[in-house]
Amino acid sequence: MNVIKSVTEMQAFAEGCRKQGKKISFVPTMGYLHQGHACLMQEGRKLGDILIVSIFVNPIQFGPGEDFEKYPRDWDRDAQLCESAGVDVIFAPTAEEMYPQGYQTSITVAHVSRNLCGVTRPTHFQGVATVVAKLFNCTKPHIALFGEKDFQQLVVIQRMVKDLNMDIQIIGVPTVREQDGLAMSSRNTYLSADERVSALSLSRGLKQARELFHHGERSARVLIGTVREIIEKEQGTAVDYIKICDMETLQDIDTIAGPAVMALAIKIGKARLIDNVVLKRE
Ligand code: AMP
């Protein structure tokens, strides 16, 4: 496994692979890797000849007062996980390498960035779209894999790729959960033992909503109310949002008629956790 830190070296390597007719799979991450990331890598390994993973805590997707400085980092453990997942190259640039003096260009995916996390994190998806576009230009992938856990991020990237005619296939990978239902996240490390118990209410609430939906409930107000009650019963939870949205436009829905996503963001202690479930007839 190679570790590349320079943009030009990464581009030269990717170009070389392409010239040899190899298919490049790419998994962008911020590190502190877990089984959710490993699942994306496994999928990427299957779909391409060369697997590139980036590890980069992207400063421009964090707002003021958010956890950029405190975001967990563990290079040795990450490198080990990548090695055992069969990664060919870790691309790990510094912030200076990605955003040198004078940097001033960004990508805004206007409408789908606005709702859900965009309400309290208004510059977040601009930071995400910009870094992902840059990482695509560095790693030149044919295929890129993203987790459905960050549902809005996946929609933003799909929209960007379509709108900017990027010749890259975007694959969404289902959320990987702990045995007790908690969606895996690097930020789970912020939770104390008690907070972790409270955090189980997120997946429990979403599961309950999905069951009600399958029993015929179509009112967003009723489904959201049920989930809110389950989450707010737990110690130390503060709801940022719980919403039901159209899967493509991410606009709020009152009555579910087609496939929809129920998404939420909840603060528990120092952590802000997100999770979602797709509501559609099976
Ligand atoms: P992050 O390192 O948190 O930026 O995540 C990197 C990629 O891994 C993103 O595409 C995430 O959606 C994905 N990811 C994070 N957690 C999970 C999970 N529990 N299951 C599946 N994918 C995940």
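Me: At what angle do helix 1 and helix 6 pack in this predicted model?
Reply: Helix 1 covers residues 7–19 and helix 6 covers residues 124–139, helices being DSSP runs of H or I of at least four residues and strands runs of E of at least two, numbered from the N terminus. Their axes, which are lines fitted to C-alpha atoms over the stretch in contact, with angles from 0 to 180 degrees between N-to-C directions, lie 7 Å apart. Helix 1 and helix 6 are therefore oblique to each other (under 35 degrees is roughly parallel, over 145 roughly antiparallel, 65 to 115 roughly perpendicular, the rest oblique), and the packing angle is about 55°.

Me: Which residues of helix 6 make the contact with helix 1?
Reply: On the side of helix 1, the contact (heavy atoms within 4.5 Å) is made by V7, M10, Q11 and A14. The contact residues divide into 4 nonpolar, 3 polar and no charged. From helix 6 the participants are N137, C138 and T139.

Me: How are values in the predicted model filtered and numbered?
Reply: Residues are numbered from 1 along each chain as its sequence is written, and side-chain values use heavy atoms, with hydrogens and water left out. Because the model is predicted, local features need pLDDT of at least 70, totals for chains, interfaces and linings use all residues, and side-chain atom pairs count only at pLDDT 80 or more.

Me: Which strands stand at the edges of the sheet?
Reply: The open sheet has 6 strands in the order 1-4-3-2-5-6, with parallel pairing (two strands pair if DSSP finds at least two bridges between them), and the twist averages 25° from one strand to the next. Each edge strand has a single partner, so one side of each is left without a neighbour in the sheet. The edges are strand 1 (2–4) and strand 6 (169–173).

Me: Which residue of strand 6 is the bridge partner of I143?
Reply: Strand 5 (residues 143–147) pairs in the parallel sense with strand 2 (residues 24–29) over 2 bridges, and S25 stands opposite I143 there. Strand 5 is also joined to strand 6, in parallel, by 5 bridges. In strand 6, the partner of I143 is Q169.

Me: Is M41 buried or exposed?
Reply: M41 lies in helix 2 (residues 35–47), and, leaving aside neighbours within four places in sequence, M41 is in contact with V27, L33, L51, V53, L81, C82, A85 and V87. The C-alpha atoms of M41 and G86, 45 residues apart in sequence, are 8.1 Å apart in space. With 0% relative accessibility, where under 20% is buried, over 50% exposed and in between partly exposed (1.4 Å probe, protein chains only), M41 counts as buried.

Terms used:
Nonpolar A, V, L, I, M, F, W, Y, C, P; charged D, E, K, R; others polar.
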